[in-house]
Amino acid sequence: MYRVAVLGDKESIYGFAALGLDVFFTAEGDDAEAIFKKLTQSDYAVIYVTEHLAQSLEEEIAKFAYKASPAIIQIPGVWGNTGKGMLNVKKSVEKAVGSDIIFND
Amino acid sequence: MATKQVNPTRMELTRLKKKLATATKGHKLLKDKRDELMRQFLDMVKLNKQLREKVEKAIGGANKNFVLASASMSNETLSAAMLAPKQEVYLEVESRNIMSVDVPKYKINYRTPDKSDMFCYGLAFTSCDLDDAVTSLSQVLPDMLKLAEVEKSCQLMADEIEKTRRRVNALEHVMIPETKASIKYISMKLDENERATQTRLMKVKDMMLKEAHGY
C-alpha cells in the first residue's frame with residue numbers, strides 16, 4: 001500500500017495533515033534535500049512539493065521526472081502561484097512535440 | 001556512396017537486402033507507434049493543463065482559508081489541532097499500458113469509510129475558518145491525485161515519444177539510406193565483375209580459335 005507525502009513550508013501544507021496525507025515541514029536548505037531523498041526511497045507513490053521549495057530541489061526532482069515512481073507534483077504554496085508547475089507541463093510538451101503547441105496563447 | 005566498407009559478394013547482398021526489409025518494416029511500425037503516442041499524449045496533456053488550472057485555483061482558495069484560520073487562532077492551538085490526524089489516505093497503484101508505456105493509475109483508499117472524518121480536532125477551540133479550509137482542501141484531493149496520475153503519464157509519454165522519434169529518424173535518415181547505398185554498390189560491382197568475365201571469355205575464345213585454325 002502506497003502513501004502520499006507533502007513537502008513544503010509549514011504555512012502552506014499543514015492543512016494536508018487533516019486529510020490524512022503525510023506532511024513534512026521544511027524550509028529551504030540541506031534539510032529539504034535530505035528529507036526529499038528519504039521520501040523518494042520510502043513507499044510514497046506521490047510526493048507533492050510546494051513550488052517555492054521545488055526551486056531549491058530542482059536537480060533532485062529532475063532525476064525522477066522520467067521514472068515510473070514516485071510522481072513528484074508541484075503545488076502552489078501559501079505565497080502564491082509562481083507558475084512553475086505549469087511550466088513543467090509545458091516542458092514535457094516541448095520535449096514530445098519539439099515546440100510548444102498547447103500553451104502558445 | 002558506400003560510406004561503409006562492404007564485401008561485394010552475393011552473400012553480403014542477400015544479408016543487406018534482408019536487413020533493409022527489416023529496417024523498412026521497423027521504420028513503419030515505429031512511425032505508427034510515434035503517431036499514436038503523439039495523439040494520446042496531446043489528449044493527455046490537454047487534460048493535464050485543465051486539471052492543473054483547476055487544482056491550482058482550488059489550492060489557492062484553500063490557502064486563503066488557511067491564512068484566515070491562522071489569523072484568528074493562536075499558532076499553538078493550530079498546531080495542536082493538526083497534531084493527530086484521524087484520516088489516512090492510502091494509494092493503490094496499478095499500471096496501465098499506453099502503447100508500451102507503463103503509466104501509473106492511482107486508486108484512493110481512506111482509512112475510515114467516512115470521508116468527513118477529517119476533522120481531527122474538537123470544535124470548541126478552533127475557528128470555523130479552519131473547518132472551511134479543511135473542507136475546501138478535502139474537495140481538491142481527488143483532483144490532486146488525478147493530476148498526479150495525468151502529469152506523471154505525460155512525463156513518461158513525452159520521454160517515450162522522444163525516444164521513438166529518435167529511432168524513427170535514425171532509421172529513416174541513416175540506416176535505410178546507407179543500406180540502400182550498399183546494396184546498390186554491391187549489385188553494380190557484381191554486374192561489373194560479370195561483364196569482365198564475359199569479355200575475358202570472349203577474348204580467350206578468340207585467342208584459342210586463332211591458335212587452332214590460324215585465322
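**Exercise 1. Find B:S100 in this predicted model and work out whether this residue is buried or exposed.**

Solution.
- Step 1: Start with the location. B:S100 sits in the loop between β1 and β2 of chain B.
- Step 2: Look at the backbone. The phi of B:S100 is positive, about 65°, although this residue is not a glycine.
- Step 3: Count the neighbours. Within 10 Å of B:S100 there are 9 other C-beta atoms. A residue is called exposed if that count is 12 or fewer.
- Result: B:S100 is exposed, because 9 other C-beta atoms lie within 10 Å.

**Exercise 2. Now do the same for B:M99: where is this residue, and how many C-beta neighbours does B:M99 have inside 10 Å?**

Solution.
- Step 1: B:M99 also belongs to the loop between β1 and β2 (101-110) of chain B.
- Step 2: Its phi is near 45°, which is a positive value in a residue other than glycine.
- Step 3: B:M99 has 18 C-beta neighbours inside 10 Å, so this residue counts as partly exposed.

**Exercise 3. Describe the hairpin around this turn: in which sense do β1(B) and β2(B) pair?**

Solution.
- Step 1: Follow the two strands. β1(B) and β2(B) are antiparallel and pair over ten bridges.
- Step 2: Pick out one of the facing pairs. B:V89 is opposite B:Y110 in β2(B).
- Step 3: Return to the turn. The hairpin has two residues between its strands, and B:M99, with its positive phi of about 45°, lies in the turn.

**Exercise 4. Cross over to the other chain: which strand of chain B is joined to β1(A)?**

Solution.
- Step 1: The partner of β1(A) is strand β1 (residues 89-98) of chain B; two bridges join them, and they run antiparallel.
- Step 2: Check the facing residues. A:Y2 stands across from B:L91 in β1(B), while A:R3 has B:Y90 of β1(B) opposite.

**Exercise 5. Widen the view: how many residues of chain A are in contact with chain B?**

Solution.
- Step 1: On the chain A side, 33 residues are in contact with 47 residues of chain B.
- Step 2: Name the elements. Those of chain A that give two or more residues to this side are β1 (2-8), α1 (10-19), β3 (44-50), β4 (71-75) and α5 (84-97).
- Step 3: Sort the residues by type. The side of chain A that touches chain B has 24 nonpolar, seven polar and two charged residues.

How values were computed. Residues numbered from 1 in each chain as written. Chains lettered and ligands numbered in written order. Predicted model: local features only at pLDDT ≥ 70, side-chain atom pairs only at ≥ 80, totals over all residues. Contact = placed C-beta atoms within 7 Å. Helix = DSSP H or I, 4+ residues; strand = E, 2+ residues; numbered from the N terminus. Nonpolar A, V, L, I, M, F, W, Y, C, P; charged D, E, K, R; others polar. Pairing = 2+ DSSP bridges. Buried ≥ 20, exposed ≤ 12 C-beta atoms within 10 Å, placed from the backbone.
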